[in-house]
Amino acid sequence: MGLFTKDIKTMDDLFVHQLKDIYYAEKRIVSSLPKMIEKATSPELKKGFEQHLEESKGHVKRVEQVFEMHGVKADAVTCPAIDGILKEADEVAGDVADKSVLDAALVAAAQAVEHYEITRYGTLIAWAKELGRDDCASVLQQNLKEEKATDQKLTELAERRVNRAAA
Ligand code: FE
Ligand code: FE
C-alpha cells in the first residue's frame, strides 16, 4: 500500500485505505486459489484449499459489508505485498517435480498468504475500534478467525507430511 499518499490525512483515511488494500488482496487470493487447488497433490491439501476458496469468497463479501457500513464505496487499491507473495508462490511451485515437495512448497506459500491476511486484519480491527466502530471490527474479526483457523490447519497438514516422510 502506498502508505504516504497525500490523500491519507486521518486515521479514518488510513483505515479506508487499508480496507481497500485487503479488498484487493482477498480478490487476488480468490483468483489464485484455483491454480493452487489444481497443483496440490495431497487430497487433504486440495480439499483444504477448496474450503478456503469458499471462505475467501465470503471474506470479499464481508469486506464489502464493512465498506458499506462505513459509508464508502467498495474499491480496491493495488497491494504489491500480496502480488509479491502470490508471484513467489507461483514461481516456486512451478519448479517442483516431486509431489510431496510440491505440496510442502504450496503449504508454505499458503501460510505466507494467511500470515499476511492475519496481520492486515489485526491492524484493521484495532483501527476500527480506535475509530469507535466496534461493529466494523466484529465483521472483520470473523474473517480473522477463519484466517487463523486456516493457518492452523496448514500447520497440521505440514506436520503430517513431515511425519509421513520420516516413517
Ligand atoms: Fe481471506
Ligand atoms: Fe486466507
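Leaving aside its neighbours within four places in sequence, which residues is Arg 133 in contact with? The answer is Met 69, His 70 and Ala 128, where contact means heavy atoms within 4.5 Å; the points below set this loop residue beside the metal site and the helices.

1. Basis of the note. This is a predicted model, in which local features need pLDDT of at least 70 and side-chain atom pairs count only at pLDDT 80 or more, while totals for chains, interfaces and linings use all residues. Residues are numbered from 1 along each chain as its sequence is written, chains are lettered from A and ligands numbered from 1 in the order in which they are written, and side-chain values use heavy atoms, with hydrogens and water left out.

2. The iron ion (ligand 1). Its coordination comes from Glu 26 through two OE entries, His 59 through ND1, and Glu 117 and Glu 147 through OE, at 2.0 to 2.4 Å. Donors here are N, O and S atoms within 2.8 Å of the metal (3.2 Å for Na, K and Ca), and as water is not among the atoms, sites may look incomplete. Along the chain the donors of the iron ion (ligand 1) follow the spacing E-x32-H-x57-E-x29-E. The pair Glu 117 and Glu 147 links distant parts of the chain, 30 residues apart, with Glu 117 in helix α4 (residues 99–130) and Glu 147 in helix α5 (residues 134–166). Helices are DSSP runs of H or I with at least four residues, numbered from the N terminus.

3. The iron ion (ligand 2). The protein donors of this ion are His 52 (NE2), Glu 114 (OE, listed twice), Glu 117 (OE) and Glu 147 (OE), lying 2.0 to 2.6 Å from it, and they follow the spacing H-x61-E-x2-E-x29-E along the chain. The iron ion (ligand 2) and the iron ion (ligand 1) are 3.3 Å apart, with Glu 117 coordinating both. Because His 52 lies in helix α2 (residues 43–70) and Glu 147 in helix α5, the pair ties together parts that are 95 residues apart in sequence. His 52 and Glu 147 are both buried, as is Glu 117; buried means under 20% relative accessible area, for a 1.4 Å probe and protein chains only.

4. Geometry of α4 and α2. At 1.5 Å a residue, the 32 residues of α4 should span 46 Å, and the end C-alpha atoms of α4 are 46 Å apart, which agrees; the expected span is 1.5 Å times one less than the number of residues. The corresponding check on the 28 residues of α2 also agrees, with an expected span of 40 Å and end C-alpha atoms 40 Å apart. The N-terminal end of α4 is capped by Asp 98, a side-chain oxygen of which lies 2.9 Å from the backbone nitrogen of Ser 100. Gly 132, just after α4, takes a positive phi of about 80°, and Gly 71, just after α2, takes a positive phi of about 75°.

5. Packing around α3. The axes of helix α1 (residues 11–39) and helix α3 (residues 80–95) come within 10 Å and cross at roughly 10°, which makes α1 roughly parallel to α3, a description for angles under 35 degrees. Axes are lines fitted to C-alpha atoms, for helices over the stretch in contact, and angles run from 0 to 180 degrees between N-to-C directions. The residues making this contact include Tyr 24, Ile 29 and Lys 39 of α1, and Ile 82, Leu 86 and Gly 94 of α3. The axes of α3 and α4 come within 9 Å and cross at roughly 175°, and the two helices are therefore roughly antiparallel to each other, the term for angles over 145 degrees. Where they meet, the residues include Ile 85 and Val 92 in α3, and Leu 102 and Tyr 116 in α4.

6. Two buried residues. Ile 29, in helix α1, counts as buried at 3% relative accessibility; leaving aside its neighbours within four places in sequence, Ile 29 is in contact with Ser 56, Ile 82, Leu 86, Val 113 and Glu 117. Phe 49, in helix α2, is buried with a relative accessible area of 4%. With its neighbours within four places set aside, Phe 49 has contacts that include Leu 33, Leu 106 and Leu 154.

7. The loop residue of the opening question. Arg 133 lies in the loop between α4 and α5. Although Arg 133 and His 70 are 63 residues apart in sequence, they are 8.6 Å apart in space, C-alpha to C-alpha.

Technical notes. Buried < 20%, exposed > 50% of the residue type's maximum accessible area, 1.4 Å probe, protein only. Polar contact = N/O pair within 3.5 Å; in protein donor to acceptor, adjacent residues only side chain to side chain. Parallel < 35°, antiparallel > 145°, perpendicular 65-115°, else oblique.
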